Amino acid sequence: LCSDEDALCSVCTADGKLKGLNPVTGEMNFSQWPAEVAQCLLTSFSRTAPTTTPEPGMNAMCATQSSMSMAAAGGWLNSFCKAKPSCQWAPPMVSFACSSTALYHATDITQGLAKGDEKRVALEKMCDESNVGWWTVRRGQLALSFDCKTKATPFARISFFAGGEGSDGEGDVFENEYVLGRQGWYAKEQALEMQIEKESDGKIRMMLFSAVTIRSQYLSILLVDGVLSVVSLILVWAYMWWTLESLFLASVAMFEIVFSIPVAFFVWTVIAQQKIDFFQVLTLYMILGIGADDAFIFYDAWQQSRFSEVSGDFAKRFAWAYRRSAKAMAITTATTCGSFVIGAASPLPQVQAFCVFAALVVFVDWIFCITLFASAVVVYENFMVNGSEPGECCGPGCC
């Protein structure tokens with residue numbers, strides 16, 4: 001309750017009663033309790049603020065004032081003892097008040113893992129299906145093939161909670177120093193993980209999860225995904241440059257592709273009053289291919305217009321290419337949007353939102369392609385191509 005040891009169990013008797021509790025009068029006699037536990041209870045659960053500083057090693061709870069009365073605290077502890085807790089063998093998440101002394105915070109790591117009677121009792125409880133807490137621990141810590149008869153398992157998972165609340169301030173040190181860049185604790189721990197996994201030939205897979213490292217883990221994953229996203233954008237843009245033979249047209253096409261996402265977000269959140277889900281961000285990779293295809297269709301129609309019956313008149317030539325490409329893009333856009341609308345019939349809300357939003361993004365990109373990209377082709381033909389030869393600046397294949 002109040003220190004780095006399982007002292008709370010010391011207030012219970014073997015038959016599940018609270019030591020020092022008079023069942024008739026309800027009065028408490030703390031003489032049978034360890035001195036540090038009794039002092040902590042009297043300090044924490046009294047209605048007056050503590051006047052003394054808790055001893056080194058005590059939990060911060062002991063130094064705070066509680067609104068719980070002594071009678072209520074006694075009732076809580078009495079119920080706790082009736083459950084007959086076995087704190088000395090309780091792994092994390094089994095008991096809300098106790099944890100194992102075999103591997104408890106950083107201060108008890110020198111005691112090693114549970115063995116002997118402690119290990120035997122723990123394994124017996126894990127095989128008791130009526131004991132929900134221990135059964136859950138078994139499913140989470142041991143392999144599914146664990147044999148309760150032979151007590152044999154091909155592997156076991158160990159949970160170690162770093163950063164104990166000791167007098168040395170290890171918890172604060174752990175939380176602060178892991179963020180010190182490449183020389184911090186977390187970076188060294190990651191290197192140690194890779195070293196151990198490599199030396200074990202794949203027999204050990206280590207993963208660190210904690211409240212102070214989870215943000216860094218997510219940021220590292222997002223960093224890799226962000227780099228891959230940028231690389232995909234660059235590759236698609238470079239391919240459009242090579243195909244369209246124009247840096248200007250490729251850049252305009254990439255702009256209308258990427259800009260269709262925030263415009264769709266505006267319609268989705270401001271007009272439709274819907275929330276943005278994580279899966280909706282993935283539409284960027286989908287629209288990269290669809291938007292590039294639309295740009296290729298329009299520019300290919302424009303190139304074909306050179307050999308049509310209206311090739312001598314720029315306005316008629318543009319109208320011919322516009323009607324030809326807009327019709328083709330409208331058909332492909334309609335089929336793509338229709339596919340997503342059908343997917344919106346899914347009973348899963350996340351899938352519904354993704355499909356509807358994806359259809360909206362495809363439609364917005366089509367609008368941009370027949371307006372913005374079509375205008376860019378006119379600007380390109382009138383001001384950047386005429387009079388330039390291939391290989392020259394602003395000529396075909398350059399910009």
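**Exercise 1: a link between two cysteines**

The link of Cys 127 and Cys 148 is left-handed, with -100° about the S-S bond; state which parts of the chain this pair ties together, and how far apart the two sulfur atoms lie in this predicted model.

*Solution.* Step 1. Begin with the kind of bond: a disulfide is a covalent bond between the sulfur atoms of two cysteines.

Step 2. Turn to the distance, where the sulfur atoms of Cys 127 and Cys 148 are found 2.3 Å apart, and compare this value with the cut-off, which asks for cysteine sulfur atoms within 2.5 Å. The pair therefore counts as a disulfide, and a search of the whole structure finds one such link.

Step 3. Place the two residues along the chain. Cys 127 belongs to the loop between α3 (117-126) and α4 (132-141), while Cys 148 belongs to the loop between α4 and α5 (170-177), so the disulfide ties together parts that are 21 residues apart in sequence.

**Exercise 2: sorting cysteines by accessibility**

For Cys 127, Cys 148, Cys 337 and Cys 369, decide which are buried and which are partly exposed.

*Solution.* Step 1. Recall the cut-offs: a residue is buried when its relative accessible area is under 20%, exposed when that area is over 50%, and partly exposed in between.

Step 2. Apply them to the two cysteines of the disulfide. Cys 127 has a relative accessible area of 21%, and therefore counts as partly exposed; Cys 148, at 23%, is likewise partly exposed.

Step 3. Apply them to the other two residues. Cys 337 has a value of 13%, so this residue is buried, and Cys 369 is buried as well, because its relative accessibility is 0%.

**Exercise 3: the surroundings of Ser 305**

Where does Ser 305 lie in the chain, is Ser 305 buried or exposed, and which residues are in contact with Ser 305 once its neighbours within four places in sequence are left aside?

*Solution.* Step 1. Locate the residue: Ser 305 sits in the loop between α9 (283-304) and α10 (314-343).

Step 2. Read its accessibility, which is 0% in relative terms, so Ser 305 counts as buried.

Step 3. Look for a polar partner of the side chain. A polar atom of the Ser 305 side chain lies 2.4 Å from the backbone oxygen of Trp 302.

Step 4. Leave aside the neighbours within four places in sequence, and the residues in contact with Ser 305 are Ser 311, Arg 317, Trp 320 and Ala 321.

**Exercise 4: two helices side by side**

Given that the axes of α7 and α9 cross at roughly 5°, decide how the two helices are arranged relative to each other, and name some of the residues that make the contact.

*Solution.* Step 1. Note that the axes of α7 and α9 come within 11 Å of each other.

Step 2. Compare the angle with the cut-off of 35 degrees, below which helices count as roughly parallel; α7 is therefore roughly parallel to α9.

Step 3. Identify the residues in contact. From α7 they include Asp 225, Ser 229, Leu 233 and Tyr 239, and from α9 they include Leu 284, Tyr 285, Ala 292 and Phe 296.

**Exercise 5: positive phi angles in loops**

Lys 151 and Glu 245 each have a positive phi although neither is a glycine; find the loop in which each residue lies and its accessibility class.

*Solution.* Step 1. For Lys 151, phi is about 55°, the residue is located in the loop between α4 and α5, and a relative accessible area of 34% makes Lys 151 partly exposed.

Step 2. For Glu 245, phi is about 60°, the residue is located in the loop between α7 (214-244) and α8 (247-271), and a relative accessible area of 44% makes Glu 245 partly exposed.

**Exercise 6: the chain as a whole**

How many helices and strands does the chain have, and what share of its residues is buried?

*Solution.* Step 1. Count the elements: there are eleven helices and zero strands.

Step 2. Consider burial, where 34% of the 399 residues in the chain are buried.

Step 3. Add the surface, whose accessible area comes to about 23,800 Å², with 63% of this belonging to carbon and sulfur atoms.

Step 4. Finish with the contacts between residues at least 6 apart in sequence, of which 55% join residues at least 24 apart. As a separate example of separation in sequence and in space, the C-alpha atoms of Leu 282 and Phe 354 are 8.9 Å apart, although 72 residues separate the two along the chain.

Methods. Residues numbered from 1 in each chain as written. Predicted model: local features only at pLDDT ≥ 70, side-chain atom pairs only at ≥ 80, totals over all residues. Heavy atoms only, no water. Helix = DSSP H or I, 4+ residues; strand = E, 2+ residues; numbered from the N terminus. Buried < 20%, exposed > 50% of the residue type's maximum accessible area, 1.4 Å probe, protein only. Polar contact = N/O pair within 3.5 Å; in protein donor to acceptor, adjacent residues only side chain to side chain. Contact = heavy atoms within 4.5 Å. Areas by Shrake-Rupley, 256 points an atom, 1.4 Å probe, with all protein chains shown as cover. Axes fitted to C-alpha atoms, helices over the stretch in contact; angles between N-to-C directions. Parallel < 35°, antiparallel > 145°, perpendicular 65-115°, else oblique.
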